[in-house]
Amino acid sequence: MSPIEASPPGGQALLSVHGLSKTFGANPVLRSIDLTIERGRVLALIGPSGSGKTTLLRCLNGLELADGGTINAPGELPLDFTTPPTRSRLNALRDRSGMVFQHYNLFPHKTVLQNVLEGPVVVQRRPRAEATASALELLARVGLSEKTHAYPFQLSGGQQQRVGIVRALALQPQLLLFDEPTSALDPELVGDVLRLIKELAADGWTMVIATHELEFAREVAHEVAFLDAGTILERGHPSQLLRNPQHERTRQFLHRVLHPF
Amino acid sequence: MTADPSRWDLFGSALWPIVHGAIASTIPMAVVSFAIGLLIALALALMRLSRSRFASGTARLYISLVRGTPLLVQLFVIFYGLPSIGIVLQPWPSAVAAFSLNVGGYGAEVIRAAILSVPPGQWEAAYMIGMSHRRTLSRIILPQAARVSVPPLSNTFISLVKDTSLASLILVTELFRQAQKVAAFSQQFMLLYLEAALVYWVVCLVLSTAQGSLENRLDRHVAH
């Protein structure tokens with residue numbers, strides 16, 4: 001269940017991002033983002049809707065093609081987006097991470113187990129027996145042993161999202177990306193999913209989490225970055241950034257989230 | 001029409017040639033044309049959705065031509081027209097060619113719409129786990145699109161079964177041509193053509209039932 005390589009806290013960079021930018025039409029969504037993702041650490045992205053959190057995650061996974069800047073992994077050639085990268089380099093970036101979506105995006109025509117095995121067996125061509133054993137182990141860990149042969153529509157939102165997490169874990173990625181993993185859930189189902197993510201953090205997984213759950217970010221993240229209008233306005237230790245933000249814009253945002261009326 | 005026993009005799013004796021026409025010709029012609037037509041339709045749908053302007057333009061022109069010209073004219077061009085440029089097809093292959101090309105044109109738009117109806121998140125989840133475009137299509141998108149396209153494609157198929165009666169005009173001895181033969185001989189047009197209509201109707205009823213159970217089967221993974 002833990003990541004393959006043991007990770008000392010505050011370890012070396014897994015990915016470093018320089019000057020990453022992305023424009024949709026005339027609308028700049030990311031403006032020169034600099035970011036370092038360190039092994040075994042959890043980075044929380046907070047900020048208003050439309051600030052670029054989701055686009056940033058999608059660029060890290062290659063689902064969205066950044067149009068400027070670089071993503072570097074130690075020991076590899078930098079991936080430069082000023083010219084569109086080759087498919088194989090993009091695939092290499094994608095293979096590094098597993099992503100959990102806000103709306104789960106499970107495959108509705110496949111059972112829970114088939115959803116989880118699609119990556120390791122069909123794409124990565126790992127032996128089916130071995131992949132199945134580890135998929136069942138993961139499903140047991142998230143409390144879904146009874147549901148392995150159920151279809152997604154037979155599950156609650158919280159259960160579907162746990163399957164979404166297991167599907168990402170089964171890829172054995174170096175990095176887990178969470179795109180507002182609890183935003184679509186019923187309030188009473190949020191806790192289960194957050195607890196699971198917290199356990200994964202304790203196991204040493206490297207994670208980037210876009211979230212509106214500030215209390216959760218404070219507890220789980222090693223670092224919080226506040227995004228606004230496509231830039232990282234400030235970043236820092238969660239308790240420092242969330243209690244004592246430096247920027248007026250951050251203060252405003254936190255105030256509105258913590259005191260909605 | 002009175003209940004003349006000789007008419008019932010005629011009805012009875014014409015039934016087998018008509019049903020035989022259905023079994024030996026109408027149904028296989030429809031099934032083969034539909035199968036080939038679906039492949040053409042899938043190819044056209046993917047061309048329409050591709051980023052290549054040439055591919056999507058070609059597909060668009062093809063669909064426009066097929067939908068904008070009568071099936072009977074298409075059939076005549078293939079059977080009576082092509083020989084003048086040295087391509088001579090027998091009646092049966094001519095009919096299958098015309099019907100397949102026709103189904104391809106109509107089915108393409110159905111399949112394209114069905115592919116577009118699959119939420120973009122499905123493509124993203126498939127890419128996320130490392131699938132290629134082609135594999136995403138075949139394993140994730142098309143199975144979901146298939147469910148959506150069963151009702152409209154069933155319509156296309158049922159229309160096709162009835163349209164095969166046009167093949168009688170290029171001398172294929174299918175269901176309707178068998179009825180025509182007996183009618184011309186006995187001069188009982190009303191009786192024989194109603195009998196032909198009845199057999200078409202029974203075939204289409206069976207197909208509608210099959211559509212229902214196919215939909216149920218494909219719906220097993222969807223909330224109701």
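Let's start with helix H7 of chain B, in what is a predicted model. Several residues of H7(B) are buried: B:Leu175, B:Phe176, B:Arg177, B:Gln178, B:Ala179 and B:Val182. You can find this helix at residues 175–186. Its length can be checked with a little arithmetic: at 1.5 Å a residue, its 12 residues should span 16 Å, and the end C-alpha atoms are 17 Å apart, so the expectation and the model agree. The expected span is 1.5 Å times one less than the number of residues, because that is how the rule is set up. Just after the helix comes B:Gln187, with a positive phi near 65 degrees.

Now let your eye move to the place where chain B touches chain A. Here 16 residues of chain B are in contact with 20 residues of chain A. On the chain B side, helix H5 (120–128) and helix H6 (133–163) each supply at least two residues. H5(B) gives the most, with six residues. If you sort the chain B side by class, you get nine nonpolar, five polar and two charged residues.

Next, chain A itself. This chain contains nine helices and 10 strands. How does its radius of gyration fit with that of a compact globule? For 261 residues, such a globule would have a radius of gyration near 18 Å, and chain A has 18 Å, so the two agree. Along its principal axes, the C-alpha trace of chain A spans about 50 × 45 × 40 Å. Of the 261 residues in this chain, 45% count as buried. Consider, too, the contacts in chain A between residues at least 6 apart in sequence: 66% of them join residues at least 24 apart.

What lies inside? The largest nonpolar core has 120 residues. Those with the most contacts inside this core are A:Ala44, A:Leu45, A:Met207, A:Val208, A:Val224 and B:Ala95. Take A:Val224 as an example to follow on screen. Leaving aside neighbours within four places in sequence, A:Val224 is in contact with A:Ala44, A:Ile46, A:Ala217, A:Arg235, A:Gly236, A:Pro238, A:Leu241 and A:Leu242. A:Ala44 therefore turns up twice in our story, as a contact of A:Val224 and among the core residues with the most contacts.

Finally, a word on confidence. The mean pLDDT of chain A is 92, and 96% of its residues reach 70 or more. Residues 5–9 of chain A have a pLDDT below 50. Beyond near neighbours in sequence, that stretch has six contacts in the model.

How values were computed
Residues numbered from 1 in each chain as written. Chains lettered and ligands numbered in written order. Predicted model: local features only at pLDDT ≥ 70, side-chain atom pairs only at ≥ 80, totals over all residues. Core = buried A, V, L, I, M, F, W, Y, C linked by C-beta atoms within 7 Å. Buried ≥ 20, exposed ≤ 12 C-beta atoms within 10 Å, placed from the backbone. Contact = placed C-beta atoms within 7 Å. Helix = DSSP H or I, 4+ residues; strand = E, 2+ residues; numbered from the N terminus. Nonpolar A, V, L, I, M, F, W, Y, C, P; charged D, E, K, R; others polar. pLDDT = per-residue confidence, 0-100. Rg over C-alpha atoms; globule rule 2.2 N^0.38 Å.
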